[in-house]
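Please look through the sequence and the structure shown here, and then follow the paragraphs below, which lead from one chain to its partner and back again.

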Amino acid sequence: MARVGVFVCFCGANIADYVDVPQVVEEVKRIKEVKYAVEYKYMCSDPGQGMIRDAIVQHKLTSIVVAACSPRMHEKTFRKALSDAGMNPYLLEVANIREHSSWVHQKDKKAATDKAMDLCRMAVAKSIANEQLHEISVPVTKRALVIGGGIAGIQAALDIADARIPVVLVEKSPSIGGKMAQLDETFPTLDCSQCILTPKMVDVASHPYIELIPYAEVLELQGFVGNYKVKIKKKASYVNFKTCTGCGACWQKCPVKVPNEYNLGLDKRKAIYTPFPQAVPNKPVIDAEHCTMLTKGKCGICAKVCLPGAIDYQMQDEIIEREIGAVVVATGYDMWDPKPYEEYGVGRFKDIITSLEFERMVSANGPTNGVPVRPSDGKVPKNVVFIKCVGSRDEAKGIEYCSKICCMYTTKHTILLHHKVHDSHAYVFYMDIRAAGKGYEEFVKKAQVDTAATYLRGRVSKIYKKGDKLMVRGEDAQIGQVVEVEADLVVLATAVSAPKDNPELARLLGISYDKYGYMSEAHPKLRPVETAKAGIFLAGCTQAPKDIPETVSQASACAAKVCGLFAGDTMKKDPMVSTINNEYCSGCQNCVNVCPYGAIVTDEVPVGHGSKDLRTVAKINEGVCQGCGSCVAICRSMAINLAGFTDPQIINEIVSI
Amino acid sequence: MITLGSQGKNTFLEAVNLKSGANVLECYQCGKCVSTCPVSQYMDFPPREIMQMIKLGLKEECYMANSHWFCLTCSACSGRCPREIDIPAVMEAVRHLAIEENHINDSKKVKEIRKFHEIFLDMIKRYGRNYELRMMAEFNIRTRNLFKDMHLAPKALLKGKIPLGVKPLKSAKAIKRMYEVAERLEKKK
């Protein structure tokens with residue numbers, strides 16, 4: 001017969017103030033299977049755990065109930081105490097009398113005590129049917145996939161590769177570098193973005209443990225943690241990277257000009273191009289949409305001038321397959337399109353630009369060689385108005401959230417403007433100045449005091465044209481008056497938005513994303529790097545807007561997680577997974593459809609013993625199953641049981657109250 | 001409505017900064033000065049707003065305000081200012097510039113305050129120190145309000161707060177010479 005030990009915790013005053021703990025102990029002692037019951041101030045402390053260990057030996061207990069806080073908090077702690085006493089750790093049940101009783105029923109001590117007693121009775125009843133379970137071992141493929149070659153992907157790839165773990169880095173565009181490669185200088189230190197980024201890009205290309213696959217997309221991910229298979233589509237570049245020397249003869253001679261994405265269309269590039277001179281890999285690709293040879297079969301100049309003969313117009317997309325153990329998603333962000341701001345004249349007035357366009361203009365390798373100019377007449381602007389929160393914190397036209405980086409990059413822009421045009425004046429319309437970060441507030445002070453940028457607190461209501469100037473109207477709430485600024489150039493600090501491909505990628509990876517399209521983390525505070533799917537991690541703005549230091553930190557955290565995952569040859573996993581009784585399974589496949597993790601596949605088994613005819617049944621992949629129980633609930637023939645939550649356990653619980 | 005950006009350089013800000021030795025740009029508009037100031041509730045623009053007006057170069061509006069005249073230069077604001085701006089010095093600078101350019105708020109209150117300043121300076125010039133009784137009498141006569149605060153007089157007299165006579169300082173002559181030099185310099189401008 002079962003011998004249950006019950007340990008009721010005061011949790012200091014957290015439980016004891018609202019639940020009559022001694023009464024709970026007296027009540028559980030009346031259950032005949034309970035051979036030992038005791039209360040203690042802090043069960044999770046070392047003496048508390050000692051009480052459990054001693055009682056197991058002394059009273060020959062066969063299962064343990066701890067009535068304390070949420071199992072999310074201390075289940076692992078108590079399981080370990082059981083192991084230490086030589087007992088199977090899964091013979092533990094936790095009755096959550098803190099979150100589920102004392103904290104939520106603070107006004108009624110009797111009701112709280114009654115509920116705590118119910119919870120204890122249920123846990124005792126369940127524990128009687130508990131079975132010994134054993135951790136599952138899953139083999140691991142020690143190779144990581146990093147999706148996205150911005151600073152997040154670069155940092156994650158380098159850190160993982162430095163631990164001598166092979167990395168496959170997939171980048172959508174022809175070069176790695178991402179948004180950071182488009183920046184001029186970075187806040188709050190004003191160090192040149194290219195100078196700190198390009199060495200890392202070169203490191204990626206030359207690292208023996210990194211396989212860089214540029215101009216490619218992830219098509220499919222199958223398998224489970226430690227054992228994924230990924231299909232990658234490598235887009236046809238029409239240039240053989242092995243023979244190409246990157247000499248540049250092809251793009252010099254190419255007659256087709258198209259807007260240059262790297263400079264946001266502020267200048268033109270050729271149909272065969274490298275995105276920017278410092279690109280990695282520094283090999284050109286042909287833009288199939290615009291190349292006249294590929295669209296109309298006319299031209300072919302690049303092939304003629306290419307001495308190594310690297311141009312191949314017949315090249316096809318290629319599918320690459322790799323076996324990997326973990327994935328780092330680092331797809332970055334998009335700049336929000338300010339088109340809905342009609343009152344600002346976006347689209348109508350040429351001299352309204354976005355912050356990233358301004359960034360390209362003031363960048364030394366930008367289309368204007370580092371001098372900001374008015375797009376309308378090419379003149380250097382004197383009065384520049386910066387408008388913050390364009391799209392951010394705007395439920396009507398944009399997005400609810402704060403984009404986090406605009407305050408700081410606008411501060412940087414006012415300083416860069418002052419550096420590039422000495423007699424210019426910056427006006428900044430803002431709602432708040434959010435400068436939480438190392439050296440950030442000091443940086444804002446530098447802009448306001450040293451470069452005398454005028455900060456006006458208010459949202460701009462409208463912009464209209466007066467001669468060749470733009471009149472920007474808003475309130476200065478500091479003096480409670482409407483002000484109009486005569487501007488030569490207006491720069492919109494547009495919001496950070498989730499990459500538009502994120503939902504599609506999330507679906508194919510099997511991870512979740514939020515209402516804005518950002519990838520969701522497993523826990524907002526305690527698991528900000530992991531996704532709900534084991535072995536898939538998040539780095540950078542793909543999760544939420546972030547600045548560079550935060551992105552790099554998260555990328556390195558991803559690397560630590562991947563290295564931790566790959567530390568042994570096998571991985572340990574909780575045994576709380578579903579099992580299927582083939583004799584009951586009718587093969588309806590409802591469970592296959594409801595499983596959120598893709599852990600259930602179909603299998604064929606003989607219809608009867610020794611029979612050659614086959615019938616379809618469901619099959620659980622233990623490595624993928626997260627023990628959510630959806631399949632158990634949907635199964636109409638009750639063929640599925642979840643270890644740790646079997647039917648007898650649940651029925652015992654229900655009967656006990 | 002205020003139009004910015006067309007007037008070029010903010011010369012007003014530069015003049016205030018030069019005269020006060022403070023940097024108004026340091027102000028980040030927290031408003032601690034306003035809640036500290038014992039007279040801010042009587043000002044038409046509290047100190048924080050004056051600072052912002054200087055930043056925006058709103059010279060006329062700033063001159064015509066009564067705030068810098070109401071300022072007691074008690075320095076409570078600058079003592080608590082997180083950016084350590086010498087706000088009384090800024091107020092003083094605005095006062096000076098307003099007088100220099102003859103843009104002065106012409107309300108009754110400001111007129112009285114200016115008379116008070118003049119009489120006080122006159123007392124110092126004469127005696128090298130303040131002569132309270134004469135100062136009060138002169139102020140009441142010149143503002144044509146003879147019985148102003150008269151009810152306080154008996155109590156103050158009894159407590160010896162208002163001496164009946166005045167003993168000029170030994171250095172009164174030297175102080176008088178300082179006045180003369182200052183007046184001569186002022187004329188030279």
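In chain B of this predicted model, residues 24 or more positions apart account for 62% of the contacts that have a separation of 6 or more. The chain holds 11 helices and one strand, and when its elements are followed from the N terminus on, they run β-α-α-α-α-α-α-α-α-α-α-α. Taken along the principal axes, the C-alpha atoms of chain B fill a box of roughly 60 × 40 × 30 Å, and of its 189 residues 25% count as buried.

As for the confidence of the prediction, chain B averages a pLDDT of 93, and 100% of its residues score at least 70. Among the elements of this chain, the lowest mean pLDDT, 88, belongs to helix H10 (residues 153-158) of chain B, whereas H3(B) has the highest, 97. For the complex, the predictor gives an ipTM of 0.86 and a pTM of 0.82.

Helix H11 of chain B, which covers residues 172-188, can be checked against its expected length: at 1.5 Å a residue, its 17 residues should span 24 Å, and its end C-alpha atoms are 25 Å apart, which agrees. Is this helix buried or in the open? Of the 17 residues of H11(B) the number buried is zero, so the helix lies largely in the open.

A single residue of another helix shows how chain B is arranged on a local scale. B:Ile119 lies in helix H8 (residues 108-127) of chain B, and B:Ile119 is partly exposed, because it has 19 other C-beta atoms within 10 Å, while a residue needs 20 or more to be buried. If its neighbours within four places in sequence are left aside, B:Ile119 is in contact with B:Met135, B:Glu138, B:Phe139 and B:Arg142. Between the C-alpha atoms of B:Ile119 and B:Glu132, which stand 13 residues apart along the chain, the separation is 11 Å.

The next step is the place where the two chains meet. Here 15 residues of chain B are in contact with 15 residues of chain A. On the side of chain B that touches chain A, the elements that give two or more residues are strand E1 (2-4) and helix H3 (47-55) of chain B, and the largest share, four residues, comes from H3(B). By class, this side of chain B has six nonpolar, six polar and three charged residues.

Strand E1(B) also pairs across the interface, for three bridges join it to strand E26 (residues 481-487) of chain A, and the two strands run parallel. Within this pairing, B:Ile2 in E1(B) is the bridge partner of A:Val483.

From there the path leads into the nonpolar interior. The largest nonpolar core has 187 residues, and those with the most contacts inside it are A:Ala156, A:Ala157, A:Val327, A:Val328 and A:Val490. Helix H6 (residues 151-162) of chain A gives the most to this core, with eight residues. Not counting residues up to four places away in sequence, A:Ala157 touches A:Val146, A:Val167, A:Leu169, A:Val204 and A:Ile210. Apart from this largest core lies another core, of 46 residues, among them A:Ile15, A:Ala55, A:Met122 and A:Ala123.

Notes. Residues are numbered from 1 along each chain as its sequence is written. Chains are lettered from A and ligands numbered from 1 in the order in which they are written. This is a predicted model: local features need pLDDT of at least 70, side-chain atom pairs count only at pLDDT 80 or more; totals for chains, interfaces and linings use all residues. A nonpolar core is a set of buried Ala, Val, Leu, Ile, Met, Phe, Trp, Tyr and Cys residues joined through C-beta atoms within 7 Å. A residue is buried if 20 or more other C-beta atoms lie within 10 Å of its own, exposed if 12 or fewer, and partly exposed in between; C-beta atoms are placed from the backbone. Two residues are in contact if their C-beta atoms, placed from the backbone, lie within 7 Å. Ala, Val, Leu, Ile, Met, Phe, Trp, Tyr, Cys and Pro count as nonpolar, Asp, Glu, Lys and Arg as charged, and the others, Gly among them, as polar. Two strands pair if DSSP finds at least two bridges between them. The expected span of a helix is 1.5 Å times one less than its number of residues. pLDDT is the predictor's confidence in each residue, from 0 to 100.
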